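Me: I would like to go through this model with you step by step, beginning with a single loop residue and working outwards to the whole chain. Could you keep the reasoning visible in each reply?

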Amino acid sequence: MKDVIGIIDIKMGNLYSLEKLFRYLNKKYLISSNPMILRKCNKLILPGVGDFRSAMSKLKKNKLSKFIKEEVKNGKPILGICLGMQLLGKKSFESGETLGLNLNDLVFKPWKNKKNVIDHHIGFNQVKFPKNSILSKNIPENSDFYFIHGYYAKIDKELSCYGFSNYKNKFVSLYEKKNIFGVQFHPEKSQKSGITLINNFLSYAC
């Protein structure tokens with residue numbers, strides 16, 4: 001299906017804000033957990049809120065894990081949002097060490113406070129985009145985006161692929177390499193800058 005965005009439904013997180021944004025942009029989209037249906041779409045979005053291990057279990061159960069890897073290998077663009085970005089990574093330590101889709105080398109660990117309790121990063125924060133970023137087109141430098149997460153990825157080797165933010169320490173808030181994109185924040189809740197970012201992804205051509 002030409003120009004139809006496939007939103008991968010893992011039954012974790014309210015998709016209302018994302019649906020509302022696509023209706024506002026007048027873009028065609030469908031929401032499904034069926035690989036046969038999603039395969040017909042020309043771009044994919046993997047959203048999610050909640051536990052990494054549970055999400056990976058759902059991806060494997062619905063054969064979405066294999067599907068995503070195959071589609072990405074074949075060049076189809078994908079955008080992971082919040083937990084979706086983490087799922088694209090190498091692994092997370094949420095609810096125990098769990099392997100992700102391994103589409104990049106990001107490893108996610110928790111922020112913890114003095115009482116050893118997970119400390120969530122919540123609210124608007126600036127994002128420093130990488131050079132030659134596709135997602136940042138027409139977005140002012142250091143624009144704010146809405147975050148809510150307790151796990152983060154440290155800076156690794158591929159500096160040219162990362163966007164950064166600061167909360168307790170510098171962490172990866174955006175990833176883009178070839179047809180693989182990920183944002184730790186919620187563009188659908190980030191007002192004008194978030195709308196522009198989504199449009200940039202939708203306009204991307206391999």
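**From one loop to the whole chain**

Reply: Gladly, and please keep in mind throughout that this is a predicted model. A place to begin is C41, which sits in the loop that links helix 2 (35–38) to strand 3.

Me: Is C41 buried or exposed, and what is its relative accessible area?

Reply: The cut-off for a buried residue is a relative accessible area under 20%. C41 falls on the buried side of that cut-off, and its relative accessible area is 2%.

Me: How far is C41 from K76 in space, C-alpha to C-alpha?

Reply: Along the chain, C41 and K76 are 35 residues apart. In space, the separation of their C-alpha atoms is 9.1 Å.

Me: Which strands pair with strand 4, and in what sense?

Reply: On the one hand, strand 3 (residues 43–46) pairs with strand 4 over three bridges, in the parallel sense. On the other hand, strand 13 (residues 180–183) is joined to strand 4 by four bridges, and this pairing is also parallel. The partners asked for are therefore strand 3 and strand 13, both parallel.

Me: Which residues stand opposite L79 in those two strands?

Reply: In the pairing with strand 3, L79 is the bridge partner of I45. In the pairing with strand 13, the residue that stands opposite L79 is F181.

Me: Which residues of strand 4 point the other way from I78 and G80, and are they buried or exposed?

Reply: In a regular strand, side chains alternate between the two faces of the sheet. Strand 4 (residues 78–81) follows with I78 and G80 pointing one way, and the residues on both sides of the strand are buried. Those that point the other way, buried as well, are L79 and I81.

Me: Which residue in the loop after strand 4 has a positive phi, and what is the value?

Reply: The loop in question runs between strand 4 and helix 5 (83–87), and C82 lies in it. C82 is buried, with a relative accessible area of 5%. Although C82 is not a glycine, its phi is positive, at about 55°.

Me: Where is K11, and what is its phi?

Reply: K11 is placed in the loop between strand 1 (4–8) and helix 1 (16–25). K11 is exposed, with a relative accessible area of 59%. Its phi is positive in a residue other than glycine, and the value is near 60°.

Me: What is the strand order of the open sheet of four strands, and which are its edge strands?

Reply: The open sheet has mixed pairing, and its four strands come in the order 6-5-7-10. An edge strand here pairs on one side only, and this applies to strand 6 (98–99) and strand 10 (151–153).

Me: Which residues stand opposite F108 within that sheet?

Reply: Strand 7 (residues 107–110) pairs with strand 10 in the antiparallel sense over three bridges, whereas two bridges join strand 7 to strand 5 (residues 91–92) in a parallel run. Towards strand 10, F108 stands opposite A153. Towards strand 5, the residue opposite F108 is S92.

Me: How far apart are N138 and N74 in space, C-alpha to C-alpha?

Reply: N138 belongs to the loop between strand 8 (121–126) and strand 9 (144–149), and it is exposed, with a relative accessible area of 66%. N138 and N74 are 64 residues apart in sequence, and their C-alpha atoms are separated in space by 29 Å.

Me: How many helices and strands does the protein chain have, and what is its radius of gyration?

Reply: The secondary structure amounts to six helices and 13 strands. For 206 residues the globule rule gives 17 Å, and the value for this chain is close to that, so the chain is as compact as a globular protein of that length; its radius of gyration is 16 Å.

Me: What share of the contacts with a separation of 6 or more joins residues 24 or more positions apart?

Reply: As a setting for this, buried residues make up 53% of the 206 residues in the protein chain. Among the contacts with a separation of 6 or more, the share between residues 24 or more positions apart is 68%.

Key:
Residues are numbered from 1 along each chain as its sequence is written. This is a predicted model: local features need pLDDT of at least 70, side-chain atom pairs count only at pLDDT 80 or more; totals for chains, interfaces and linings use all residues. Side-chain values use heavy atoms; hydrogens and water are left out. Two strands pair if DSSP finds at least two bridges between them. The radius of gyration is taken over C-alpha atoms; the globule rule is 2.2 Å times the number of residues to the power 0.38. Buried means under 20% relative accessible area, exposed over 50%, partly exposed in between (1.4 Å probe, protein chains only). Contact means heavy atoms within 4.5 Å.
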